[in-house]
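Let's walk through this one together, question by question. Have a look at the sequence and the model first.

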Amino acid sequence: MGDRSESLRVTNTLTRQKEVFIPRDEGRVSIYTCGVTPYDESHLGHARPAVFFDVVRRYLASRGWQVRYVQNFTDVDDKIIARAQREGIPALEISRRYADEYLAAMDALGVRRADVYPKVSEHIPVIIEMVARLVEKGHAYVSGGDVYFAVESFPGYGKLSGQRLEEMMAGARVEVGEGKRHPADFALWKAARPGEPSWQSPWGPGRPGWHIECSAMSLHYLGNHFDIHGGGLDLVFPHHENEIAQSEAYTGDAPFVRYWLHNGLVTTRAEKMSKSLGNFITVRALLKEYPAEFIRYLLLSVHYRSPLEFGADALAAARRGWERLLLGWQELNRRLETVMPSLPQATGAATGPGIGATSPLAGVVRQTRENFRRAMDDDWNTPVAISTLFELTRSVNSLLHSGAELAGDTLTALAAARDLMRELGVELLGILPADPHRAFGASAAGGTDDTAITTRLIELLLEVREDARRRRDFVQADRIRDALGACGIVVEDTPAGPRWRFRGD
RNA sequence: GGCGGGAUAGCCAAGGGGCAAGGCAAGGCUCUGCAAAAGCCUUAUACGUGGGUUCGAGUCCCACUCCCGCCUCCA
């Protein structure tokens with residue numbers, strides 16, 4: 001790869017259209033995504049943007065761009081303060097605890113770390129400087145110890161969300177706060193209240209409002225006109241709308257961001273998954289039951305802008321599909337290893353054009369690479385990208401099933417298929433395990449001693465069963481298989497001997 | 001009330017003027033001691049409803065119904 005001809009198109013929320021992606025700086029891409037407010041455990045709704053933007057940066061990197069990725073932590077916030085007061089410990093301790101938890105959860109999901117994780121509490125001077133400048137330029141005003149942004153001072157207000165200030169006046173939920181000139185004005189700086197963390201400022205002790213941090217920190221780390229700003233669809237208004245207003249008023253130079261990317265929300269029973277509705281599932285709970293690669297598959301099996309319904313039925317169906325991909329990936333590796341045990345992983349050499357040319361599979365491999373890239377280039381169409389992997393898997397299985405001799409061009413093409421699966425399924429999407437031999441237990445994160453013992457016991461039983469089968473004592477053999485089945489262990493007989501795995505559902 | 005998105009097979013889900021991807025489920029067959037896995041085949045003349053534009057409409061336009069999100073903290 002490495003070819004970055006202008007073929008990548010992305011949906012820009014600002015224009016609601018697919019646009020050709022051309023970064024600000026040749027060869028480099030800057031991305032800022034809104035991270036979390038760390039006051040509680042992270043759930044699947046937080047994992048979706050994390051995994052999606054993880055794939056975005058991996059894909060951009062694979063296309064030869066150098067990516068700089070920044071994701072913030074809003075570590076100064078009402079909910080953090082509330083929890084801190086409830087638990088009687090400092091607010092920053094709460095936020096540090098849950099920020100660490102978030103990072104651990106995302107690590108477990110295979111999300112690569114951002115280059116920087118700026119926190120509000122560590123960027124107060126940058127924020128104060130920005131607020132002061134906005135006051136100076138007449139875009140903000142001081143009211144008591146608070147500072148508000150004056151939305152009417154910014155003509156473009158509403159351009160991201162399509163809201164109009166006049167219409168919002170009529171809205172039932174907008175109220176004029178005390179000290180606000182316009183109901184849509186929002187706080188840049190809040191005066192300190194007793195018991196809350198606060199910092200000194202030209203307007204007295206206080207803390208930053210919600211929206212200003214992202215403007216201040218993204219501009220600080222990525223500069224003006226950076227490439228991609230991401231986040232959940234629920235942040236479009238008011239958060240990102242306000243970011244644009246502040247930032248462009250501050251710099252006097254639009255656009256603040258070149259491309260706005262928003263991911264759809266995770267729902268359960270068609271309702272948004274959220275802490276307040278109590279219909280969420282934590283990443284930790286999910287990881288106890290499912291491998292990280294499967295969770296990523298689940299998240300990427302729907303286009304990023306669409307809602308993703310999370311429920312038992314969808315989960316089971318997705319699980320079966322993912323398993324087929326996984327089993328195919330494992331079988332492919334096994335077969336190649338028996339034929340050429342010394343071949344190192346991912347030769348890379350076997351993917352060149354013309355390699356294994358006389359094998360039909362070589363054509364499928366080439367097609368898969370093309371189709372995959374076309375899908376990803378078309379606004380990150382991961383569902384279609386995944387479907388190309390299914391098609392490749394079917395071709396590979398078909399070949400293996402045909403009994404064709406694994407030699408010459410056929411073997412070369414098979415190795416190319418393996419390399420491509422690794423490149424796309426493992427390294428790019430992260431939906432397949434890097435180690436194809438990894439066994440997927442019911443609790444992959446569980447005690448290793450127990451799993452080691454379990455494994456030995458299962459293998460012992462299978463040896464006993466093999467003896468029975470050799471004696472053609474199928475009653476005994478089936479009894480063992482049924483008993484294992486009752487424990488959720490699937491036994492499969494293959495020409496190379498029995499194989500087992502935990503049933504996934 | 002304002003703004004935005006959506007309705008595609010039994011289920012999930014791409015596509016978005018010219019023969020309807022992929023997955024799950026279901027049925028048949030092959031392989032197998034039997035299974036499982038895998039393969040092959042079958043499964044959308046009705047793409048929410050009614051109009052319209054067009055040689056041609058899931059795809060564009062209008063109206064309507066229902067669903068979701070945002071407008072309060074939210075990924």
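Buried means under 20% relative accessible area, exposed over 50%, and partly exposed in between, with a 1.4 Å probe and protein chains only. This is a predicted model, where local features need pLDDT of at least 70, side-chain atom pairs count only at pLDDT 80 or more, and totals for chains, interfaces and linings use all residues. Residues are numbered from 1 along each chain as its sequence is written, chains are lettered from A and ligands numbered from 1 in the order in which they are written, and side-chain values use heavy atoms, leaving out hydrogens and water.

Q: What percentage of the residues of chain A count as buried?
A: Chain A fills a box of roughly 90 × 55 × 40 Å along the principal axes, going by its C-alpha atoms. There are 505 residues in chain A, and the buried share is 51%.

Q: How many helices and strands does chain A have?
A: Both kinds of element are DSSP runs numbered from the N terminus: helices are H or I with at least four residues, strands are E with at least two. For chain A the tally is 15 helices and 15 strands.

Q: How many salt bridges does a search of the whole structure find?
A: Side chains of opposite charge can pair when their charged atoms come close. The cut-off here is a side-chain nitrogen of Lys or Arg within 4 Å of a carboxyl oxygen of Asp or Glu. With that rule, the search of the whole structure turns up 38.

Q: Which residue forms a salt bridge with Arg 374?
A: Look in helix α11 (residues 360-377), where the two partners are four residues apart, so about one helical turn separates them. The partner is partly exposed, with a relative accessible area of 40%. The closest N and O atoms are 3.4 Å apart, and the residue is Glu 370.

Q: Is Glu 466, the salt-bridge partner of Arg 469, buried or exposed?
A: Both residues sit in helix α14 (residues 448-470), three residues apart, about one turn of the helix. Their closest N and O atoms are 3.2 Å apart. Arg 469 is partly exposed at 28%, whereas Glu 466 has 16% relative accessibility and so counts as buried.

Q: Which residue forms a salt bridge with Arg 193?
A: Arg 193 is partly exposed, at 48% relative accessibility. Its partner counts as buried, at 16%. The closest N and O atoms are 3.3 Å apart, and the partner is Glu 196.
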